Amino acid sequence: MKRRWFSTLALALAVSLVITACGGGAGGGGGSQSQSSGSPSPSASGGSGGGSSGGSYQIAIVPKLVGIPYFNASEVGAKQAGQDLGVEVIYTGPTEPDAAQQVNVIEDLISRGVDAIAVAPNDPAALTPVLRKAKDAGILVLDWDTPAEADVVELSVHQIDDKVFAEHLVDEMVKGMGDSGEYAILTGGLSASNLNTWIDLGQEYIQSKYPNLKLVTDRIPTDEKQQLAYQKTLDLLRAYPNLKGILAYSTPAPLGAAQAVQERGLQDAITVVGTALPTDSGPFLEDGSLDVAVLWDPAQLGYLTIYLAKHLLDGNKVENGMEVPNVGKIEVKPDGKTVIMGPPTDFLKDNYKDYNF
Amino acid sequence: MKLWQYLRLSAYETTLLAVFAGLFLLFSLTAPNFLSAANFRSMMVQLPELGLISLGMMAVVLTAGIDLSITFTAALSGIALAWCLSHGWPIPAAMLAGLVTALLCGAFNGVFIAGMRISPIVMTLGTMILYEGIALQFTKGGSISGFPEAYSVIGSGSVAGIPVPMLIFTGAILLTAILLNRTAWGRSVYMIGSNPTAAEFSGIRVRSVLMGVYLFSALMAALAAVIMTSRYNSAKVDYGSSYLLKSVATIVLGGVSIQGGAGTVKGVVLGAAIFQILSSALNLYGLSPHLVDVLTGTVLIFVLAVNLLNQKWKRAPRTRVPPPPEATEAKVPASR
């Protein structure tokens, strides 16, 4: 009996120790993250959400998923903006791309009483109730990367114009393979709404402008995994020997496709165009197994999001053609709340080394 | 007297309670806004989905099985519910449709596992993929939304300050506790998990008990689906998919033996509560979400390790059936 109590106590102690230790460690290592978790932070003493007593804003930026290169790059940009502008940036999100987990993270941010929440929704509809709750608590709500439902956000930060982007990808593929022949589509997941938007817009564009292009099979899901994209591409190459082009959506898919093309030595026969990060694409751009990667700079997107959140918290308005440091001129759509960061960026053999994400 | 017996905690549950209390105290002192009413409400809204799925998973694991299809059963049930709602069905009818869908999923598992003795892990792995496929085919990967305003009350409303999801979860806890501890079916579940052969020879109708277990887990999935569709105002294939392995972790933390036969509702509820305060508090600190996973894993392994040491110290053989006074009565079940 005595021993049981002893061990229980030891356990409770040990767990507490681990947690405080980790808390302190993360606070110190996380750069511009919160100061330390050892003592209650000054802005938290108020209790309910709303005003920040410390003078600096707490802005939370929630990605679809933490720990993938794309969102890691956006975290760097967001933290940089936090440093430049003197606001506290909280970067947190689900560890799996599940809307349920994302909603719970936002619930906790509301309890924490942050000043603004910028979210890249895994599913727009799923976030509407919780974002409305945030709004009712007096928190400024924005979306970034992927739009939420329009009436729950004050501002919607888009990296590119979807239509321009979708058509640009198709044009790049046609540049490589010509305007007739067989092509296939790889996608990160069948339920990813931004990928579906680009694919749908691209398909419409192909039907009206390049009617001689032939899609060999339905869009192929690759679960946001390079390995799976690689296997599926090998299958594709075997099944459709006349394939001339591959459009790969989501950042890992083009890499997997290029890897397969590289392995089979089909660099010249097959044009691979996709949405990938430049450093990952480097080895494949070098030998032409990946012809071009089209994307934007996620770090800039993170920076812009924090910048605009602070801009609104300060009581300012966003205007078309407004100059944002480190980002450039931004476009604001006539509705006054849709912001477009700029045109897409092409990462090619010659320029991919200029980027560090 | 009876009630007091009911609330008595085993050694392991005492450990869990101590861990819970320790963490609670620590977070109250250090996590910003942890003690606020808003945070408590928020935690009570977050907890029930994982809690319900864990209860369903628990019943299956007690029989030495596992239900890998439980989250996609919930997804499919939610999608059926959402489809009905968005096509103008009245709310109770739509909920019934969701329930029926879930029970069909559960019955399908049950028929093969109980009837044809297919290993549960293999069967539910198959149905996990199958149900996901059906849901994907039906929705084309998109989400279904457009519910009547009144439906959102389930996810966002509260009665006497307690959020509706928590009330549903409380009801489910009571139901599970009564079914497992106060019915012949419940005792048979433990018996089958401890020793299926002995259970068979002592006259338990293993097939129908097992069928009941998979139907029960489907029922819990259906309840979780109701909460999820209301909270997220939509239904989609992958809502709640992250709860699958978390529910297994929750019940293991709650003291359910993965080999079956042992485990209590109290333990599972405590396990779910520990995970909830842990993840909420770590979010309140603003820690990296990866650290949240690291700490969740650490707590799980710690508690299990201490439990093992405890048992070694006591040098008592592990009792597989918990020491219920009614265990002996249950050996002569009504199912004869």
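Okay, one bit of vocabulary before we start: when I say helix, I mean a DSSP run of H or I with at least four residues, and helices are numbered from the N terminus. And keep in mind that this is a predicted model.

Let's start with helix α9 of chain A, residues 278–286. Just after α9(A) comes A:G288, which takes a positive phi of about 80°. In the helix itself, the buried residues are A:P278, A:S281, A:G282, A:F284 and A:L285. What do they pack against? Two helices and two strands of chain A, namely α7 (226–239), α8 (252–263), β11 (292–295) and β16 (345–347).

Staying in chain A, have a look at α5, residues 162–177, and α6, residues 193–209. Their axes are 8 Å apart, and the helices pack at an angle of about 60°. Roughly perpendicular would begin at 65 degrees and roughly parallel would need under 35, so α5(A) and α6(A) go down as oblique to each other. As for handedness, α5(A) passes α6(A) in a right-handed crossing. Who makes the contact? From α5(A) we have A:D162, A:K163, A:F165, A:A166, A:E167, A:V170 and A:D171. Facing them from α6(A) are A:T197, A:W198, A:L201, A:G202, A:Y205, A:I206 and A:K209. Sorted by class, that contact has seven nonpolar, five charged and two polar residues.

Two names from that contact, A:F165 and A:W198, come back when we turn to the aromatics. Ring pairs join A:F165 and A:W198 into a cluster with A:Y70, A:F71, A:W144 and A:W296. Over all chains, the count comes to 19 aromatic pairs. Let me show you two of them.

The first one I picked is A:F71 with A:W144: ring centres 5.8 Å apart, planes at 85°. Edge-to-face takes over 60 degrees, so this pair qualifies. A:F71 sits in helix α2 of chain A, residues 69–85, while A:W144 is in strand β4, residues 140–144, so the pair ties together parts that are 73 residues apart in sequence. Buried or exposed? Both of these residues, A:F71 and A:W144, are buried.

The other one is over in chain B, between B:F24 and B:F40. Here the centres are 5.9 Å apart and the planes at 55°, so we call the pair tilted. B:F24 belongs to helix α2 of chain B (residues 11–30) and B:F40 to helix α3 (residues 37–62), with their positions 16 residues apart along the chain. B:F24, at a relative accessible area of 24%, is partly exposed, and B:F40, at 28%, is partly exposed too.

While we're in helix α2 of chain B, find B:L16. Its relative accessible area is 0%, so B:L16 is buried. Leaving out residues up to four places away in sequence, B:L16 touches B:L253, B:G254, B:G267, B:L270, B:I274 and B:V303. Another one to click on is B:L300: it is 284 residues from B:L16 along the chain, yet their C-alpha atoms are separated by 11 Å.

Last stop, B:N109, in helix α5 of chain B, residues 91–115. How accessible is B:N109? Its relative accessibility is 1%, so B:N109 counts as buried. Setting aside neighbours within four places in sequence, B:N109 is in contact with B:D67, B:S69, B:M123, B:T124, B:T127, B:Y131 and B:Y214.

That's my tour, thanks.

Note on methods. Residues numbered from 1 in each chain as written. Chains lettered and ligands numbered in written order. Predicted model: local features only at pLDDT ≥ 70, side-chain atom pairs only at ≥ 80, totals over all residues. Heavy atoms only, no water. Axes fitted to C-alpha atoms, helices over the stretch in contact; angles between N-to-C directions. Parallel < 35°, antiparallel > 145°, perpendicular 65-115°, else oblique. Left-handed = near helix turned anticlockwise from the far one by under 90°. Contact = heavy atoms within 4.5 Å. Nonpolar A, V, L, I, M, F, W, Y, C, P; charged D, E, K, R; others polar. Phe/Tyr/Trp six-rings, centres within 6.5 Å; stacked < 30°, edge-to-face > 60°. Buried < 20%, exposed > 50% of the residue type's maximum accessible area, 1.4 Å probe, protein only.
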